Amino acid sequence: MDNKRRKFLKIAGLSAIAGIGAPAALNMLMKGNVQASSPHGHGDDHGGGHEEAKGHGAHHGEVKQGKRYGLVIDVHKFNQTPGLAQKCISACHDTFNVPDIGNKKDEVKWIWEEPYTHAFPEHSHYKRNTELHHLSFLVTCNHCDDPPCVRACPTQATFKNEDGIVMMDFHRCIGCRFCMAACPYGSRSFNWRDPRGMKDGKPFIKKVNPEFPTRMRGVVEKCNFCAGLLKKGLLPKCVEATGDTKAMVFGDLNDPASEVSKVLKSHFTIQRKPALGTKPSVFYII
Amino acid sequence: MLEKALQGNAKYWSWVGFLLSMMGLGAFCYVLQFNYGLGLTGMSRNVSWGLYISQFTFLVGVAASAVMLVLPYYLHNFKEFGRITILGEFLAIASVSMCLLFIMTDLGQPIRALNVVLHPTPHSILFWDMIVLNGYLFLNVVVGWVALNSEYKGTHPPKWVYPFVYLSIPWAVSIHTVTAFLYCGLPGRHFWMTAILAPRFLASAFAAGPALLIILVLLVRKFSSFDAGDKAINKLVTVIIYAGLINFFFVGLELFVGYYSNIPGHMHTLDYLFFGLADHDTGIIYNNLVPWMRTSVIMGVISLALFGCKKTRNNSGMLIVACALMFFSLWIDKGLGLVLGGFVPNPLEYITEYVPSIPEIFITLGVWCTGFFILTILYKVAISVKTEAERLS
Ligand code: SF4
Ligand code: SF4
């Protein structure tokens, strides 16, 4: 028996060593797998050499290599132009064949409006100015620089592309919904039923846009920052819909000369749940 | 050996017939779900996991609890478990099978399940869960079957099987740890984000699993001539008492951290589970899990009292009651509250309540019955072999 016990202890010891080594190995593997994180990857987070990095403390610095698209939403401009938010939503949902299922439970949405209390639940709501409470905020996928959804996905059906956009591969997704549990912003929708179907003779997708695939049931979807249009040098549909109101400004956050960078430099903006370390690429001027 | 499963009396066959018909009903509902989509269930955009994943989580624990027999028997040479270790391993096989089935029923695109293997993704915990669960299934099938086969032939188990036995011990811990990691590493889900989740999972597993095992062993004693022996059962009771106490201690720790820190995110789900949570905007109170969770606490306390008292512990009728109470208490705690509660409120602090649909419940029952079907067949074989071996010697 003693012999057996010794054998076990050996195995137990080995597994303990493996256990200690695993996080390091995992970290290495993650670097290899989170596509389009900068070539210097996580190491740079500690470097602190960047302006932003210094301000936030070494561990929360954002990495400034490569492209990283971002969006600034000016809430007051939206407020001044009634119906503008709705225009943005329709522009998006019509382009991407987002179905209107007609009930909350099975709802699919890429961009939508939320009141302040729900868009920023972690901020204090006590004695805020009344205007703020009547504003509505467009919310969508934040295309986080450190996206938990990508970390969670077991098939890489959701991944970060070379422009920092968090994308979906509808043909690879197995519909496990781990990404939905992982996203701290509720940005993801699942196709609980066939989005190509209909109810009471009314199709869920009113008019199919042949330029973008419709989805099948059982996969997850979300905003893709109009990655396809960006490739063609166009702006995202929602940004386009704001016309020249400047209610939305879109561009490369890592390019100091871009309009979005300039706006961010000269305005006070907030992100949703910055404390979680996801590094959202969507900012709000409030 | 499998032919032993084909010999049985009328009671045996009617039980098997019952299980098969429930499995058939579950399969029928699954076809409905497959054709309509997961919208057929009660799950929603805000509560995106439901009964399937919560049953999966609970059953991983039942599977892991086999280690409470394997470890004393093989490592500490606790001979009394010799007669029932195989029953623990077979319970593990049935439980892991249910786990895998629950994952499959929960997938939106089950046909693509192999993508997890085709595109291995080490930064996803689900990838590791797939590995440890299948590995554990493999280990228990090998160890259980080889051990039983040698008993069948009247020989000692071959030497090569021991490394698998020893490996299965840390492996059992790993399956539940990795399953806890599915939850506790998600930013923005406060209720799950606690380092104590894995130990708490293990504690509740080591109470719930042996509780179920005692019930099974007592049933076996009633329906066959195979008796596990009181010593083995008493030892299991000790395991349940300690694991149960540790589990409730952990629950208490969670409550302390939540309420003493007074951080809203940490209190919301606890409020929802035990007292009801009021909606920010409307003031409506949501509390559909409160009766369940309170029942769970009461059941757990009564069960511990019954286990703790010598008189009730030594009465096999009361022992079954105590075990059943413990099992259901922890089933509610982990098989309902833990997973469903984590989604309330959602990341935007909306409250959506979840109620499973009828087909969803039948699919769930179908999977449970499939597990019990596997268990019945395996136990039938094991007990026939064991009683025969004992008659011969
Ligand atoms: S907002 Fe959610 S879905 Fe979008 S990248 Fe971040 S975690 Fe992923
Ligand atoms: S649902 Fe699809 S995208 Fe989300 S984690 Fe699962 S496989 Fe990945």
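The dialogue below reads selected features of a predicted model.

Me: How is the size of an interface usually expressed, and what is the area buried between chain A and chain B?

Reply: The size is often given as the accessible area lost when the parts come together. Here the area buried between chain A and chain B is about 4,900 Å². Carbon and sulfur atoms give 59% of that area.

Me: How many residues does the contact take from each chain?

Reply: Chain A contributes 61 residues and chain B contributes 54 residues.

Me: How many salt bridges and polar contacts does the rule find across the interface?

Reply: For salt bridges, the rule finds 1 between chain A and chain B. The side chains that meet in it are A:Arg177 and B:Asp106, at 2.6 Å from N to O. For polar contacts, there are 35 residue pairs across the interface, both residues being at pLDDT 80 or more.

Me: Which elements of chain A supply at least two residues of the side that touches chain B?

Reply: They are α1 (2–33), β2 (111–115), α6 (116–119), α8 (148–152), α9 (178–182) and β6 (189–190) of chain A. The largest share, 10 residues, comes from α1(A). By class, this side of chain A has 30 nonpolar, 13 polar and 18 charged residues.

Me: Turning to the ligands, which residues are closest to ligand 1?

Reply: The closest are A:Cys141, A:Asn142, A:Cys144, A:Cys149 and A:Cys183, out of 14 residues that surround ligand 1. The shell divides into 9 nonpolar, 3 polar and 2 charged residues.

Me: And which residues come nearest to ligand 2?

Reply: A:Cys153, A:Cys173, A:Cys176, A:Arg177 and A:Cys179 do, among 13 residues around ligand 2. This shell has 10 nonpolar, 2 polar and 1 charged residues. A:Arg177 also takes part in the salt bridge with B:Asp106.

Me: What can a salt bridge within chain A show, taking A:Arg68 and A:Asp145 as the case?

Reply: The search over all chains finds 20 salt bridges in the whole structure. In this one, the side chains of A:Arg68 and A:Asp145 meet at 3.7 Å, N to O. A:Arg68 lies in the loop between α3 (51–56) and β1 (69–74) of chain A, and A:Asp145 in the loop between β3 and α8 of chain A, so the pair ties together parts that are 77 residues apart in sequence.

Me: Where is A:His143, and what is its phi?

Reply: A:His143 is in the loop between β3 (136–140) and α8 of chain A. Its phi is near 45 degrees, a positive value in a residue other than glycine.

Me: How does the radius of gyration of chain B read against the value for a compact globule?

Reply: A compact globule of 393 residues would have a radius of gyration near 21 Å, and chain B has 21 Å, which agrees. The C-alpha trace of chain B spans about 75 × 50 × 40 Å along its principal axes. Chain B has 14 helices and 2 strands.

Me: Is the peptide bond from B:Val344 to B:Pro345 cis or trans?

Reply: That bond is cis, with omega near -5 degrees. B:Pro345 sits in the loop between α13 (316–341) and α14 (358–392) of chain B.

Notes: Residues are numbered from 1 along each chain as its sequence is written. Chains are lettered from A and ligands numbered from 1 in the order in which they are written. This is a predicted model: local features need pLDDT of at least 70, side-chain atom pairs count only at pLDDT 80 or more; totals for chains, interfaces and linings use all residues. Side-chain values use heavy atoms; hydrogens and water are left out. Contact means heavy atoms within 4.5 Å. Buried area is the accessible area (1.4 Å probe) that two parts lose on being put together, summed over both. A salt bridge is a side-chain nitrogen of Lys or Arg within 4 Å of a carboxyl oxygen of Asp or Glu. A polar contact is a pair of N or O atoms within 3.5 Å; within protein, one must be able to donate a hydrogen and the other to accept it, and residues adjacent in sequence count only if both atoms are side-chain atoms. Helices (H or I, at least four residues) and strands (E, at least two) are DSSP runs, numbered from the N terminus. Ala, Val, Leu, Ile, Met, Phe, Trp, Tyr, Cys and Pro count as nonpolar, Asp, Glu, Lys and Arg as charged, and the others, Gly among them, as polar. A residue is near a molecule or strand if one of its heavy atoms lies within 4 Å of it. The radius of gyration is taken over C-alpha atoms; the globule rule is 2.2 Å times the number of residues to the power 0.38.
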